[in-house]
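Hi everyone, thanks for coming. Let me put the structure up, and then we'll walk through a few spots together.

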Amino acid sequence: MLSIIFSSRVKDNPDENIKGFLDSLYDCGGNKDNVEIILKYDDDDDEKPPQSFFDSYPFNIKVHQWSRGEGRHGIHLDKFYLFAQHDPKARFIMAGSDDFTFNRYGFIDDILSIDDEYAFIGYARPRMELYASNWRDERVMNIWKHNEGVSLPCMTTKTLEVLQNWSWQSGEDNWSTLLVILMYANYGMDLWKTIPSFYFRNPTDGTSQYSEGFNNMEMGGNRNPKNPYYFDLVTQQAHNLYLNIKEKKGI
């Protein structure tokens, strides 16, 4: 099973399109046996769809609701709690967003067919060889964080269990890209599994983009982490992942 996890908000969010997201998942083969959705809404979002809306789909949709807390920064904190609610049968985890649309039938089966215990999955493989030696250079960082196509990061559940923290308060897409680069740069491991393209991002009017905030570990848009400790933390995650793989393979 694949678990798709994200926070959504209807109120004051013109880019929200939960119906389009769920309809496209159904159209592409989503059912109760191969996928589940785990969602969080803010408790002040009085425009959230009713439970009857979610119950109309043929796959399980677990809806949670609590305080908006820290706004945009809070969505990074939400995901690791939501991850802990996944179905025990889920072998893969995807960070979703309702401003995306799935567009290829069978992509879930492609993901579920991957046997690797530790893997990152997507249609656009990050060019890890290109960035291995200079990924920390800010000019290079501004290339790999935007141009590598990991917009809906997906990985095996076991990978995220070992990493122990989902993105260190940064965007999950850029964090996943950095992990893939670090695994190659530091340990010569390519953990990427490529499947054919299966989604696109909906056009937006730009009003939901980054605004000023206190989070100095955010990476995305025009931001790079102002707190360099972020890079140390992700480097340690890559090391922990390497050690688990090494022990598993008896290296």
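Which helices and strands do the buried residues of H1 pack against? One thing to keep in mind as we look: this is a predicted model.

So, to H1 itself. This helix covers residues 18-27, and its buried residues are Ile18, Phe21, Leu22, Ser24 and Leu25. If you look down the axis of H1, those buried residues fall within an arc of 160°, so they line one face of the helix. And here is what they pack against: strands S1 (2-8), S2 (35-42), S3 (60-66) and S5 (100-102), along with helices H2 (51-55) and H4 (107-112). H1 is followed by Gly29, which has a positive phi, near 110°.

Phe21 comes up again when we turn to the aromatics. Ring pairs connect it in a cluster with Phe6, Phe100, Phe102, Phe107, Tyr123, Phe198 and Tyr199.

How many aromatic pairs are there in the structure? There are 19. Let me show you Phe83 and Trp166: their ring centres are 6.4 Å apart and their planes sit at 85°, so this pair is edge-to-face. The pair links distant parts of the chain, with Phe83 in helix H3 (residues 72-83) and Trp166 in the loop between helix H7 (157-163) and helix H8 (172-187), 83 residues apart. Are these two buried or exposed? Both Phe83 and Trp166 are buried.

Last stop, a charge and a ring: the charged end of Lys48 sits over the ring of Tyr41, 5.9 Å from the ring's centre.

That's my tour, and I'm happy to take questions.

Note on methods
Residues are numbered from 1 along each chain as its sequence is written. This is a predicted model: local features need pLDDT of at least 70, side-chain atom pairs count only at pLDDT 80 or more; totals for chains, interfaces and linings use all residues. Side-chain values use heavy atoms; hydrogens and water are left out. Buried means under 20% relative accessible area, exposed over 50%, partly exposed in between (1.4 Å probe, protein chains only). Helices (H or I, at least four residues) and strands (E, at least two) are DSSP runs, numbered from the N terminus. The arc is that of the directions from the helix axis to the C-beta atoms. Contact means heavy atoms within 4.5 Å. Rings of Phe, Tyr and Trp (its six-membered ring) pair if their centres lie within 6.5 Å; planes under 30 degrees apart count as stacked, over 60 as edge-to-face and the rest as tilted. A charge sits over a ring if NZ of Lys or CZ of Arg is within 6 Å of the ring centre and within 35 degrees of the ring normal.
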